[in-house]
Amino acid sequence: MKRIMICAACAMGLAVSATAGERLPPADKYLFWKPAEQAIGYRSMEKIFPTRVIARGPTVSPLPAATAPFDVHYEFQGAKLDTAAYMKATNVSGLIVIKNGRILLERYGLGRKPSDRWTSFSVGKSVTSTLIGAAIQDGFIKGLDAPVTDYLPELRKTAYDGVTIGDLITMRSGVQWNEDYADPKSDVARFAQNPVPKNGMDPIEAYMAKLPRAHKPGTVFLYDTGETELAGILLARATKKHLADYLSEKIWSKIGAEQDAVWILDAAGQEHGGCCISMSLRDYARFGLFFMHGGKVGGLSVLPDGWVKRASSAQTPTAYPRVGYGYFWWINDDGTYEAEGIFGQSILLDPANDLVIVTNSAWPTADDDKHWFAQAAYFAAVRKAVTKKG
């Protein structure tokens, strides 16, 4: 189920000295950290890679706890499981379940504390597309029908001629791309390895400019981390702001986040549009609540009318049964949708039940069907339990 990938650019940066008695894992082995290294590295990204702070606001929004204890008991592949067993089996560092604005369950593992941030991997893609919506609302971007080359003119006379921003955030550019991490010659393994060009162009953008066209724009879905990086570059260019600053201004400082978040930077000092925002577990949930409830803060919409509905609807089919793709969100046919990242990161949103489930994990491998299926079974058990409770 190779649905989620991380940009190889996130592996760039310099490791620093260990602090508080912990030895930080090496930056250049980022995608191959062992479980013990993951448990330290994923909550210490700003100590390993260059980052920019996403500042929170002065007020923390409360997340009250439900009055009754909550757990699930279910069967999966012949085994009887509960939350503790699920967390142990899938190396979960943080799990939170929120129903009707109240925390039903909040647990931590792998040495993580509630105040610790954890990396998002490709969950960050869904944040980037949300900022695209904010930029349209603010008038920085004309709309999803606008050509990518209106904002990145250096891509004219490349395969991105005729590609719209809507094509970009639904991964239907038609540009050829190979996302195979097992292949050292794949695009995803190479696209962030180039130095900054002499012309000052972002090195990721320069790589994407050389790719050929494979399909007519807007016709074929192809999971492509490079597209999300371009979306981030385009967003920064349109707003004339760092992505971290724009996220703070429009969302983070307004939703009552309890921690500053941090966003990893590429070789040119640009935030990765495709990944790598670190935030606390509760703040993952706050972002999920903000989005699921219409993208509003203080009664005012940060996003264009109808954005959340369109973003969370299948704009294109994918290669996976019963799964579509929205605006950098995975869309399930049961009415739920997800932001997902490799190694077990997820925000599941279930509007019908006013339910948010967030998991942060350290899976031994980036993209393992066994763990995806186990996660889906746990989510299904939670949804069944809260539906019964009403």
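This report describes the overall build of one protein chain and then turns to two of its helices and one loop residue.

The model is predicted rather than taken from an experiment, and in it the protein chain folds into 11 helices and 16 strands. Along its principal axes, the C-alpha trace of the protein chain spans about 60 × 45 × 45 Å. A compact globule with 390 residues would have a radius of gyration near 21 Å, and because the protein chain has 20 Å, its value agrees with that expectation.

Several further values describe the chain as a whole. Of the 390 residues of the protein chain, 58% count as buried, and among the contacts with a separation of 6 or more, 67% are accounted for by residues 24 or more positions apart. The area that the protein chain exposes is about 15500 Å², of which carbon and sulfur atoms supply 54%. As for charge, there are 44 positive and 41 negative charges in the protein chain, and their mean positions lie 2 Å apart.

Two helices, α3 and α9, can be set side by side, with the span expected at 1.5 Å a residue next to the separation of the end C-alpha atoms.

| Helix | Residues | Expected span | End C-alpha separation |
|---|---|---|---|
| α3 | 123–137 (15 residues) | 21 Å | 22 Å |
| α9 | 281–292 (12 residues) | 16 Å | 17 Å |

For α3 the separation of the ends agrees with the expected span, and the agreement holds for α9 as well. Helix α3 is mostly covered, with 14 of its 15 residues buried, and just after this helix Gly-139 takes a positive phi of about 85°.

In α9, 11 of the 12 residues are buried, so this helix is largely enclosed by the rest of the structure. The buried residues of α9 include the aromatic side chains of Tyr-284, Phe-287, Phe-290 and Phe-291, together with Asp-283 and Arg-286. Just after α9, Gly-294 takes a positive phi of about 100°.

The last part of the picture concerns a loop residue. Where does Thr-164 have its place? Thr-164 is found in the loop between α3 and α4, the latter being residues 165–169. Leaving aside residues up to four places away in sequence, Thr-164 touches Leu-144, Asp-145, Ala-146, Pro-147 and Val-148. Phe-290, which is among the buried residues of α9, is 126 residues from Thr-164 along the chain, and the C-alpha atoms of these two residues are separated by 27 Å.

Definitions and conventions. Residues are numbered from 1 along each chain as its sequence is written. This is a predicted model: local features need pLDDT of at least 70, side-chain atom pairs count only at pLDDT 80 or more; totals for chains, interfaces and linings use all residues. Side-chain values use heavy atoms; hydrogens and water are left out. Helices (H or I, at least four residues) and strands (E, at least two) are DSSP runs, numbered from the N terminus. The expected span of a helix is 1.5 Å times one less than its number of residues. Buried means under 20% relative accessible area, exposed over 50%, partly exposed in between (1.4 Å probe, protein chains only). The radius of gyration is taken over C-alpha atoms; the globule rule is 2.2 Å times the number of residues to the power 0.38. Contact means heavy atoms within 4.5 Å. Accessible areas come from the Shrake-Rupley method with a 1.4 Å probe; for residues, only the protein chains shown count as cover. Lys and Arg count as positive and Asp and Glu as negative; His and the chain ends are not counted. The place of a charge is taken as NZ of Lys, CZ of Arg, CG of Asp or CD of Glu.
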